[in-house]
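Biologist: I should be grateful for a close look at one part of this structure, set in the context of the rest.

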Amino acid sequence: MYDVFITKASKYLPNEPVANDEMETYLGLINDAPSKAKSLILRNNKITTRYYALDKEGNPTHSNAQLTAKAIEGLFDENFKKEDMKLLSVGTTSPDQIQPSHASMVHGELNIGKSIEINTSTGLCNSGMNALNYGFLSVKAGVQENAVCAGSERMSAWMTADKFNHEAENLKLLEERPIIAFKREFLRWMLSDGAGAFLLENKPRENSTSLKVEFIDFYSYAHEIEACMYAGCDKLEDGSLKSWADYPSDEWLKQSIFAIKQDTKILDKYILVKGAESLRSSFDKHNLDPEKIDHVLAHISSGYFKDGLKEEFAKKGMDFPAEKWFYNLSEVGNIGAGSIFIALEELMNSGKLKKGEKVLLCVPESGRFAYSCALLTVC
């Protein structure tokens, strides 16, 4: 078995940052009317800028595969050329197509000029951590001597007004059943585009910051809780999901079946509690002392959860002081599977890390409440 190190991190954020008052310029107005929910959601999530792979006419400027490839290209240097890559492992919520796989498309964009092993992890926010874990285990077992792992999203294309206009044509439906409109609109004001990438190797780099991966743990609570965040389906009264494939095609637009939706009542009830429960399990499993953690990077979808997460961790005996927490949500937005990559890239390249420090990564996934965490040691 080999030790595994993150020896380099890179990110790519498309175009210029988009301020709150510009969002509908890019995404468009649903049924030509300004959103009534936008100001409330933005006030709660505390996001001030985000990135879109769109121009101001709503035209795409990058595919997800292109965003991911550009982040990965930032890993290449004199010590690691693209032809040195052995494994490409990528995760996303928003692939450009159902088939081929996202990893196949990224491999094609990179123009490496040779065959490599590829892996695609799908799902929601944990798909990036799943991709990282695949690379970590492969290098640790000695199957590959290096792995490039990435998390990315291009959600803007899912959120343009034309995707919702057919449902919004019947304004009476929106007025009589506002909860239906809200669960479809909620995430329009939360999500952002971008990609982050890590290079994993079996030795640390000299004269630069490397992070040893101590462990990556995963937890799912789908056996206890119904779906909370979903797309390509709709939720029925009994909490089950009805697939897009089981709807007549003329209902796909009328009911915004492919829109990504959030059941906010379930979200508030479980997301923090289960996050603290899962992290406590990892601390017990690995016999960790919370006081020995120097940096806490927790992916949160909204600033609304920031204080509550700290409080829930503290209830479980993991009371991390405020100065140990690192967030960049307000500046880059919620990039789903790419968020933890982009946050760690910023911290890793900030010059703040010191040899021997411990970095904790925490990622929740509200799809059906799955969580992951990882511990890193600065070399």
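In particular, which residue's side chain meets that of Glu214 in a salt bridge, and what is the N to O distance?

Modeller: The model is a predicted one. In it, the side chain of Glu214 meets that of Lys212 in a salt bridge, with an N to O distance of 4.0 Å. The pair does not stand alone, for Asp3, Lys212, Glu214 and Lys358 are linked in a network of salt bridges. Glu214 has a relative accessible area of 29% and therefore counts as partly exposed. Lys212, at 23%, is likewise partly exposed, because the partly exposed class runs from 20% to 50%.

Other salt bridges may be set beside this one; the search of the whole structure finds 17. Glu201 and Arg205 form one of them, at 3.7 Å from N to O, and both of these residues are buried. Another joins Glu277 to Lys274, whose closest N and O atoms are 3.3 Å apart. These two residues both belong to helix H10, where they are three residues apart, about one turn of the helix. Their accessibility classes are as follows: Glu277 is partly exposed at 27%, while Lys274 has a relative accessible area of 8% and is therefore buried, the limit being under 20%.

Helix H10, which spans 264-285, also leads to the interior spaces of the model, since it is one of the elements that supply at least two residues to the lining of the largest cavity. Its share of that lining is the largest, at six residues. Helix H11 (306-315), strand E14 (358-365) and strand E15 (370-378) each supply at least two residues as well. The cavity holds about 300 Å³ of space. Its lining comprises 28 residues, and those closest to the centre are Ile271, His299, Val363, Pro364 and Glu365. By class, the lining has 19 nonpolar residues, eight polar and one charged.

The whole structure has four cavities of 30 Å³ or more, and the second largest contains about 120 Å³. Of the 14 residues that line this second cavity, Ala298, His299, Asn328, Leu329 and Ala343 lie nearest its centre. Helix H13 (339-348) contributes to that lining, as do strand E13 (295-298) and helix H12 (329-332); H13 gives the most, with three residues. The lining of the second largest cavity has nine nonpolar and five polar residues, but no charged ones.

Conventions
Residues are numbered from 1 along each chain as its sequence is written. This is a predicted model: local features need pLDDT of at least 70, side-chain atom pairs count only at pLDDT 80 or more; totals for chains, interfaces and linings use all residues. Side-chain values use heavy atoms; hydrogens and water are left out. On a 1 Å grid over the protein atoms alone, a cavity is a set of points where a 1.4 Å probe fits but cannot get out, and a pocket is an open set with protein on both sides within 12 Å along at least five of seven lines; lining residues have an atom within 4 Å of a point. Grid points are joined across faces, edges and corners, and a volume is the space filled by probe spheres set on the points. Helices (H or I, at least four residues) and strands (E, at least two) are DSSP runs, numbered from the N terminus. Ala, Val, Leu, Ile, Met, Phe, Trp, Tyr, Cys and Pro count as nonpolar, Asp, Glu, Lys and Arg as charged, and the others, Gly among them, as polar. Buried means under 20% relative accessible area, exposed over 50%, partly exposed in between (1.4 Å probe, protein chains only).
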